[in-house]
Amino acid sequence: MTISITTSNVNGIRAAKRKGIETWAGRNTPDIWCMQEVRAPQNEIDPIFDEFGFEYSTAGKIADQSELDRLNEVCRVKGRAGVGLLAALPVVDKRYGLAGLDEDVDSGRWIEADVKTPQGYVITVVSVYVHAGNTDDPLKMKQKYRFLDAMLVRMGQLRDEAAHGGRQAVLCGDFNIAHTPLDIKNAKANETHAGFLPQERAYVDKWLGELEFVDVMRSLAGDIQGPYTWWSQRGRAFDNNVGWRIDYQFATPELAESACGFVIDKAPTYDKRWSDHAPLTITYDI
């Protein structure tokens with residue numbers, strides 16, 4: 001039996017709702033759905049998550065909308081960040097935030113759910129939203145590197161647990177880093193821009209090297225250009241497919257080996273998008 005895991009930056013869940021995200025939810029109903037940039041207060045998130053539960057139950061994915069497990073962490077800076085996770089499978093434990101980060105701007109960026117698969121295995125699924133950074137603003141770059149450093153510590157712990165017979169793990173999210181020239185349309189022009197700086201890309205090298213995580217979509221797609229998951233709202237980037245691949249699923253080796261397919265659900269036209277990111281769904285045969 002397979003399970004589907006989706007990661008999608010919703011670019012503001014209230015705006016995405018106005019643009020029809022619940023229709024996508026009812027049509028796709030991933031077993032686990034990680035969201036980033038929710039950017040809404042709790043009292044406005046709850047009814048939207050209720051609607052997702054209704055879509056899941058209408059589609060027959062769950063018996064009742066109350067069976068959709070919901071986690072979310074609202075950023076303490078109003079209108080910023082925010083991560084969510086929905087699961088049509090049982091969540092046996094949940095954790096919020098990264099150790100050592102207590103500034104408001106670092107909140108709403110990391111949640112973990114220990115999810116029990118239909119076969120009885122428990123895996124750790126993380127919804128991540130990494131700071132975007134900005135080379136014109138040293139403070140924002142400092143915040144990004146601080147967050148990435150804290151991630152390294154936690155990823156090492158997850159790696160060690162998986163390597164010693166514990167839970168396998170997968171980090172899903174918008175990491176705001178294009179790893180190699182295959183992950184960005186105009187690599188040369190962006191080498192001095194946040195998201196494609198050598199210092200940022202070195203973190204991904206470390207995740208895949210020293211920490212032994214696997215870039216699951218890349219391992220399935222092979223060494224091809226793209227496919228991308230984000231397109232600037234400016235100009236005709238979407239229409240001309242001038243994109244970046246910054247949304248990933250990084251899994252521990254055993255879980256990565258079970259991956260059997262992926263879909264980047266790019267909207268057919270610019271006006272049909274409910275976000276400037278496309279959802280990335282990976283199917284695992286665990």
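1. The second largest pocket holds about 280 Å³ of space. This is a predicted model. The lining of this pocket is made of 19 residues, and Trp-24, Ala-267, Lys-272, Arg-273 and Trp-274 are the closest to its centre. By class, the lining has eight nonpolar, four polar and seven charged residues. Which helix gives the most to this lining? Helix H2, residues 21-28, does so with three residues.

2. Now the largest pocket. Its space comes to about 690 Å³. The lining counts 30 residues. Nearest the centre of the largest pocket lie Ala-194, Trp-230, Ser-232, Arg-234 and Trp-244. Sorted by class, its lining has 14 polar, ten nonpolar and six charged residues.

3. Return to helix H2. Which of its residues are buried? They are Ile-21, Glu-22, Trp-24, Ala-25 and Gly-26. Their cover includes strand E1 (3-9), helix H1 (13-18), strand E2 and helix H3 (42-58). Trp-24 thus deserves a second look: Trp-24 is among the buried residues of H2, and Trp-24 is also one of the residues closest to the centre of the second largest pocket.

4. Look just past the end of H2. There Thr-29 takes a positive phi of about 35°. Thr-29 sits in the loop between H2 and strand E2 (32-36). Most residues other than glycine have a negative phi. Is Thr-29 buried or exposed? Thr-29 counts as buried because its relative accessibility is 9%, and the cut-off for buried is under 20%.

5. Ala-81 also has a positive phi, about 45°, although this residue is not a glycine. Its place is the loop between strand E3 (69-73) and strand E4 (83-87). With a relative accessibility of 3%, Ala-81 counts as buried.

6. Arg-109 touches Ala-81, so take it next. Arg-109 is found in the loop between strand E5 (91-96) and strand E6 (110-116). Its relative accessibility is 2%, so Arg-109 counts as buried. What does Arg-109 contact, leaving aside neighbours within four places in sequence? The partners are Glu-73, Arg-80, Ala-81, Val-83, Ser-127, Val-128, Tyr-129, Val-130, His-131 and Phe-147. Take Val-128 as one case. Arg-109 and Val-128 are 19 residues apart in sequence. In space, C-alpha to C-alpha, Arg-109 and Val-128 are 5.5 Å apart.

7. Next, a helix pair. Two packed helices are described by the distance between their axes and the angle between them. For helix H4 (residues 138-163) and helix H5 (residues 198-208), the axes come within 11 Å and cross at roughly 5°. That makes H4 roughly parallel to H5, because angles under 35 degrees count as roughly parallel.

8. Which residues make this contact? From H4 come Met-141, Lys-144, Tyr-145, Leu-148, Asp-149, Met-151, Leu-152 and Met-155. From H5 come Gln-199, Glu-200, Tyr-203, Lys-206 and Trp-207. By class, the contact has eight nonpolar, one polar and four charged residues.

9. Last, check one peptide bond. Most peptide bonds are trans. The bond that joins Gly-226 and Pro-227 is cis, with omega about -10°. Where is Pro-227? Pro-227 lies in the loop between helix H6 (216-221) and strand E10 (230-231).

Terms used: Residues are numbered from 1 along each chain as its sequence is written. This is a predicted model: local features need pLDDT of at least 70, side-chain atom pairs count only at pLDDT 80 or more; totals for chains, interfaces and linings use all residues. Side-chain values use heavy atoms; hydrogens and water are left out. On a 1 Å grid over the protein atoms alone, a cavity is a set of points where a 1.4 Å probe fits but cannot get out, and a pocket is an open set with protein on both sides within 12 Å along at least five of seven lines; lining residues have an atom within 4 Å of a point. Grid points are joined across faces, edges and corners, and a volume is the space filled by probe spheres set on the points. Ala, Val, Leu, Ile, Met, Phe, Trp, Tyr, Cys and Pro count as nonpolar, Asp, Glu, Lys and Arg as charged, and the others, Gly among them, as polar. Helices (H or I, at least four residues) and strands (E, at least two) are DSSP runs, numbered from the N terminus. Axes are lines fitted to C-alpha atoms, for helices over the stretch in contact, and angles run from 0 to 180 degrees between N-to-C directions. Angles under 35 degrees count as roughly parallel, over 145 as roughly antiparallel, 65 to 115 as roughly perpendicular and the rest as oblique. Contact means heavy atoms within 4.5 Å. Buried means under 20% relative accessible area, exposed over 50%, partly exposed in between (1.4 Å probe, protein chains only).
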